[in-house]
Amino acid sequence: MSATAVHNLWTMAAADPIDKIDAPNIEYGQLAPTLIVIGAAVIGVLIEAFVPRKSRYYAQLFVSVVALTAAFAAVVALASSGYGTTKARIAAMGAIAVDGPALFLQGTILLAGLVAIFTFAERRLDPAAHGNRIDSFVAQAGAVPGSEGEQAATKAGFTTTEVFPLALFAIGGMLVFPSANDLLTLFIALEVFSLPLYLLCALARRKRLMSQEAAVKYFLLGAFASAFTLFGIALIYGYAGSVTYGTVAKVVDGTLTTVDPALAGTMGNDALLLIGSAMIVMGLLFKVGAVPFHMWTPDVYQGAPTPVTGFMAAATKVAAFGALLRLLYVVLPGLRWDWRPVMFGVAVITMLGGAIVAITQTDIKRLLAYSSIAHAGFILAGVIATTEDGVSSVLFYLGAYSFVTIGAFAVVTLVRDAGGEATHLSKWAGLGRRSPLVAAVFAVFLLAFAGIPLTSGFSGKFAVFKAAAEGGAGSLVVVGVISSAIAAFFYIRVIVLMFFSEPKADGPTVAVPSPLTMTAIGVGVAVTLVLGVAPQYFLDLAGQAGVFVR
């Protein structure tokens with residue numbers, strides 16, 4: 001082709017009118033909580049690059065606490081302006097929902113994240129090494145465990161302050177995850193909060209090989225779960241011709257009027273819908289740790305640094321259940337008769353599996369891991385209710401559960417021997433005589449997990465079981481009560497071990513924490529007792545927040 005012909009083609013193309021590309025319309029005020037946290041995470045990365053090593057810890061802690069407090073204030077401001085109820089809407093060009101459940105879950109994640117950051121910053125539990133205070137995290141993450149490089153970094157007093165921006169990036173992803181209003185935003189949020197967690201799991205100062213093994217297991221299984229989710233999203237797009245929740249829901253219901261001719265051939269193919277939905281739900285059930293997608297939970301909870309375990313156990317569950325609720329209630333209500341029986345089965349095996357296997361555990365972190373699996377089953381009972389009460393009961397349970405969990409893992413960090421944390425149950429014998437206050441606080445958390453009256457655990461379980469019974473899942477409530485009875489056995493066993501066993505002469509010591517960990521444990525105890533004794537205000541709050549915007 002000659003140069004003039006090519007030139008003519010160019011000029012003809014340029015002469016054709018080009019439609020203007022409209023600039024996206026982003027509601028920055030309504031997205032403020034997420035933007036504040038992600039912005040602070042970026043500032044945290046810059047602090048690592050430019051601030052002298054000695055000042056980084058204080059700078060990172062200050063930025064993290066200010067950002068999470070400001071983001072929570074933004075959530076409260078949005079809720080009080082009516083965005084949780086009358087002004088609920090879809091923001092960011094249809095990508096993000098700003099409604100009651102989103103704001104409630106975001107507030108819970110931010111508060112849980114703030115309390116968890118206090119445990120990350122704890123530096124008084126181990127004796128000072130080479131004149132420097134040390135935390136739960138490795139001196140130099142890139143050094144081979146036990147190598148000369150690691151020893152030199154420890155001697156020089158290095159600390160891995162990168163954990164703060166990593167935690168902020170994870171929290172930023174978690175804020176988007178339950179409020180995502182299209183499947184691609186859901187997937188991006190999933191990756192944004194998963195990748196920092198994989199890294200955080202590998203950074204334990206002690207037992208580094210176990211920590212790195214936990215991170216690799218979590219990463220590999222998480223990658224599989226992400227792949228399932230993405231494949232499911234592709235199939236749903238093939239079915240509905242859209243990844244937006246509202247459009248997919250209309251195609252499922254059969255109320256969509258305009259159809260893209262290019263997709264008319266595949267639309268209405270139920271196999272794509274059922275397989276795609278199953279794959280996305282599978283990815284979300286992996287994140288909440290439901291049986292049979294729970295295999296990573298005990299190993300990762302045991303191997304990860306304990307502050308990270310507490311953060312992950314609380315905040316990830318809140319974000320993942322929020323996303324699961326929105327998917328089932330907003331996108332797939334037309335498939336209710338298909339997904340309810342499956343979820344019913346998953347809830348039953350999760351409750352029973354978590355409770356029965358926990359009885360055999362001899363490590364306190366693994367015991368709490370199986371306990372968290374059982375709790376995932378209890379929360380699923382509320383999801384199955386498919387009513388507004390079901391949504392609000394799940395929101396309340398998640399709020400109550402997250403603070404108990406962070407408090408319990410914060411207590412685990414205090415019981416120490418020469419090798420670091422003493423997590424074997426035999427080491428906890430007689431703890432009530434050695435340190436009555438710590439044992440009493442841990443007993444409060446265990447009673448809350450068991451669902452004993454006057455604790456938040458009882459209020460939460462009562463709410464989800466009531467919603468499930470009213471939603472027609474009475475038999476599930478019976479299984480839930482039986483599972484709670486089985487679970488109560490191993491919680492009470494630990495309490496008996498602490499208070500009614502003789503302490504061993506070579507037993508562990510209880511470290512005196514700084515005000516940071518004391519605050520985390522204090523908040524946990526306060527929330528546990530307040531939500532147990534006077535839960536009505538918070539139940540009402542969750543009730544007002546229980547309606548999804550469509």
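The largest pocket of this structure, which is a predicted model, has a volume of about 680 Å³. It is lined by 26 residues, and those closest to its centre are F72, F104, T108, F538 and L541. Two or more lining residues come from each of the helices α3 (53-80), α4 (100-120), α15 (388-412), α20 (515-533) and α21 (536-544), with α4 giving the largest share, 6 residues. In chemical character, this lining divides into 18 nonpolar and 8 polar residues, with no charged ones.

F538, one of the residues closest to the centre of that pocket, leads on to the aromatic contacts. The whole structure holds 19 aromatic pairs, and among them Y537 and F538 meet edge-to-face, with 5.2 Å between the ring centres and 85° between the planes. Y537 is exposed, at a relative accessible area of 57%, whereas F538 is partly exposed, at 31%. Elsewhere, Y198, Y218, F219, F286, W296, Y301 and F409 join in one aromatic cluster.

The second largest pocket has a volume of about 420 Å³ and is lined by 18 residues, of which K54, Y57, Y58, R123 and R133 lie nearest its centre. Helices α3 and α20 each supply at least two residues of this lining, and the largest share, 5 residues, belongs to α3. Here the lining comprises 8 nonpolar, 4 polar and 6 charged residues.

Two of the residues nearest the centre of this second pocket, Y57 and R123, also contact one another, for R123 lies over the face of Y57 at 3.8 Å from the ring centre. A similar arrangement is found for R53, which lies over the face of F158 at 3.7 Å from the ring centre.

Technical notes
Residues numbered from 1 in each chain as written. Predicted model: local features only at pLDDT ≥ 70, side-chain atom pairs only at ≥ 80, totals over all residues. Heavy atoms only, no water. Phe/Tyr/Trp six-rings, centres within 6.5 Å; stacked < 30°, edge-to-face > 60°. Buried < 20%, exposed > 50% of the residue type's maximum accessible area, 1.4 Å probe, protein only. Lys NZ or Arg CZ within 6 Å of the ring centre and 35° of its normal. 1 Å grid on protein atoms, 1.4 Å probe; cavity = no way out; pocket = protein on both sides within 12 Å on 5 of 7 lines; lining within 4 Å. Points joined across faces, edges and corners; volume = space filled by probe spheres on them. Helix = DSSP H or I, 4+ residues; strand = E, 2+ residues; numbered from the N terminus. Nonpolar A, V, L, I, M, F, W, Y, C, P; charged D, E, K, R; others polar.
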